[in-house]
Every structure is written in C-alpha cells, then in structure tokens.
Amino acid sequence: MMSTLAERIQKQDQRALAKAITMVDNDHPDKLSLLSEISGQEKKAHFIGLTGSPGAGKSSLVDRLITHIRNMDKTVAVIAVDPTSPFSGGALLGDRFRMHKHFADPGVFIRSMATRGSLGGLSRSTKDAIRVCDAFGFDYILIETVGVGQSELDIMKVADTTALVLTPNSGDVLQIFKAGIMEIADVFVINKADLPGVQKLKTQLKEFLHIADPKSWQPPIVETISTEHKGIEAFFEACEAHKKFLNETDAGKQKRKEQLTYEVYELMREELWKDVERFIGDDPSKEIALQKENDPYQLAKEWLSEWREKGGGS
Ligand SMILES: Nc1nc2c(ncn2[C@@H]2O[C@H](COP(=O)(O)OP(=O)(O)O)[C@@H](O)[C@H]2O)c(=O)[nH]1
Ligand SMILES: [Mg+2]
C-alpha cells in the first residue's frame, strides 16, 4: 500500500502527491515510512525560499516566478506557509484569474499549509511536504513563509536559496537586522521598486553587507516591481547563480550537510518528544507526583533517571 503511493509519486501522479501531502499534514502513522521510502527517490529540485514581512509582495513574486518558470517549460511546486496567501483564497483579488490558470496547469502544484504542529518556526509537515514535492520531480520548489520571526531562520535550513523580500521605506531593514535575519539572505529583493526610497534601502543593504562576515557568496541585490512584471528574470537569474555556486563549491556540500544534520536532529527530537509525553502521560503516579511535588528540577531529575533506566521510556 505504502509502496504504491511512493511509486505513484515517482510516476508523477498529482493525486498521489496531494494524498501524500495530506498524510504528512495530518501526521499519519505511516508518515515516516512513506517519507523514508520516497527520500531515496529525491531528484534534487532547486528549493527557493521567499521570506519577508507581510505585504512585501512575496505572493505576487511567486506568481510571477511561476509564469517565468513555466515559460521555460520547467515544472514548479509552491508551498505557501502564509495563511494570508492568495493561494488559500485571501488577498490579491485582482490576481484570481491568473492563479486559476496556474491551478489548471499540470506543471504547477500549489499547496498552502498551516504553521501549526511545530515547536516553533516552519512546521515539520511543511518540510515533509517539500520532500514529497522533490520526490515527485519538480524542477523548482518555491516556499513562501509567513511574517518575520522563527520561520525566517528556519527557511534557510530547508531552502537552497533564501530570498529576503524587502520594500522601500518600510523600516524592515532595521527590524530584520536586529532579529539576525539579514544573515540568512542569499538574494536580497527590493520589491515595490516603483515606490520612493529604493536608493536609500540599497545603500543600507550595502552597508550591512560591508560589515557582515565576509562570505564566499556575495548576496546580490535585485529590484523588482512584481505588479508590473519587472525584474522577475533578474531575480530568477540571481537564484540560479546562487544554486550554481552551491553546486560548484564546497559551500554547497557544507550547506547540505548542515541541513541534513539539522533535519535528523529535528526528526529525532520530535519522535523523542512523543515518547516523553507518553512516558509522563500514561503513568498515573506521575500525575500524583505533580500534585505533591513543587520542585520542577527535582521531578525532572527523577523522571529523567527513571526514563534512562528504562532505556528510553519504552
Ligand atoms: N506598488 C507595488 N505594489 C506591489 C508590488 N508587489 C506587490 N504589491 C502589492 O502589495 C500587496 C501585498 O502583496 P502580496 O504579494 O500579497 O505580499 P505578501 O504578503 O508578501 O505575500 C498587494 O496589494 C500587491 O498588489 C510592487 O512591486 N509594487
Ligand atoms: Mg503572501
């Protein structure tokens, strides 16, 4: 049964893809075996993450990128983590028609996902969905994340190329700089370049790049006006150049190793956490101890040693 689903994904059956993503979204018991089965089939899509403040124009840019990628006869999957994304029927009413065109196109797969179910940041199921899309064989996978916060820091742990979308006169730069998010950008996008303040933002970014740790990759700054379809190709080319850099240098190998390490840690942490919850939740004596004891350190210490004596709770 499971192998059938994995095989169907490999044969590029979109319904199997949708089903598998629903499985990972619902944390289906067979999720891990499905994922480990398909992870052998990965075809190495180019993962591009778009991040930035709400309203910066990420969804608009994604829409233009889809068109650009399809014009090159390549396929693309989009995972939108933003709950206000037009993909879930929210903003951008004017773009409804265009989005419908994308939905009818078999070379495009679009899915919005909730941010729930994670200890913070990009949810586990989002990452798993990306894996499933990769196994399917899309050429490009675009991930739009929500807001400014942990998910921004998380996106770089999944994406090959992280694009930080900024807008002139938004005051984003300072906020993002403080949150340490600036560091994650492989490509800076100044969207809404039709608005005043582009040069000022560019100067600020260059100053930042000047004081940042010198890296072998110098993040380019591209200007886009997504509403006028301007700068999309330059943006896309910047992402391609970054991917090429990853493929041709040790930086790419290093990045993949770090991402894999992080993934394994996270998977183990989540599975261990479930075990810990069972260990505590299924034992009535723990409930009684919680009523008597006031010292969390003492309880944690006792339960940990009990947990370890039992060889991990089971
Ligand atoms: N003036 C201008 N408005 C834009 C541009 N790109 C997007 N917008 C508008 O900005 C608003 C938010 O865009 P959206 O793509 O939903 O942003 P997101 O929240 O980052 O996904 C929409 O009303 C867009 O039409 C641009 O290049 N110039
Ligand atoms: Mg959006």
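**Exercise 1.** In which sense do strands β5 and β6 pair, and over how many bridges?

*Solution.* In this predicted model, begin with strand β5 (residues 161–166), which pairs with β6 in the parallel sense over 4 bridges. Next, locate a residue pair that shows the register: Leu166 stands opposite Ile190 in β6. Finally, follow the chain between the two strands, which passes from β5 through helix α8 (residues 172–178) to β6 in a right-handed β-α-β crossover.

**Exercise 2.** Determine which strand pairs with β6 besides β5, and how the side chains of β6 are placed.

*Solution.* Strand β7 (residues 221–223) also pairs with β6, in the parallel sense and over 3 bridges, and here Phe188 stands opposite Ile221. Turning to the side chains of β6 (residues 187–190), Val187 and Val189 point one way while Phe188 and Ile190 point the other way. With buried taken as under 20% relative accessible area, all four of these residues are buried.

**Exercise 3.** Describe the surroundings of ligand 1, from its shell to its polar contacts.

*Solution.* The shell holds 16 residues, of which Gly55, Lys58, Ser60, Asp194 and Ser226 come nearest; by class, it has 4 nonpolar, 8 polar and 4 charged residues. Helix α4 (residues 58–71) gives the most to this shell, with 3 residues. For the contacts, a polar side-chain atom of Ser60 lies 2.6 Å from an oxygen atom of the ligand, the side chain of Glu144 has an N or O atom 3.1 Å from an oxygen atom of ligand 1, and a polar side-chain atom of Thr227 is 3.3 Å from a nitrogen atom of ligand 1. As a last step, consider cover: of the 580 Å² of accessible area that ligand 1 has on its own, the protein covers 78%.

Conventions
Residues are numbered from 1 along each chain as its sequence is written. Chains are lettered from A and ligands numbered from 1 in the order in which they are written. This is a predicted model: local features need pLDDT of at least 70, side-chain atom pairs count only at pLDDT 80 or more; totals for chains, interfaces and linings use all residues. Side-chain values use heavy atoms; hydrogens and water are left out. Buried means under 20% relative accessible area, exposed over 50%, partly exposed in between (1.4 Å probe, protein chains only). Two strands pair if DSSP finds at least two bridges between them. A crossover is right-handed if, with the strands pointing away from the viewer, the path from the first strand over the helix to the second runs clockwise. A residue is near a molecule or strand if one of its heavy atoms lies within 4 Å of it. A polar contact is a pair of N or O atoms within 3.5 Å; within protein, one must be able to donate a hydrogen and the other to accept it, and residues adjacent in sequence count only if both atoms are side-chain atoms. Accessible areas come from the Shrake-Rupley method with a 1.4 Å probe; for residues, only the protein chains shown count as cover. Ala, Val, Leu, Ile, Met, Phe, Trp, Tyr, Cys and Pro count as nonpolar, Asp, Glu, Lys and Arg as charged, and the others, Gly among them, as polar.
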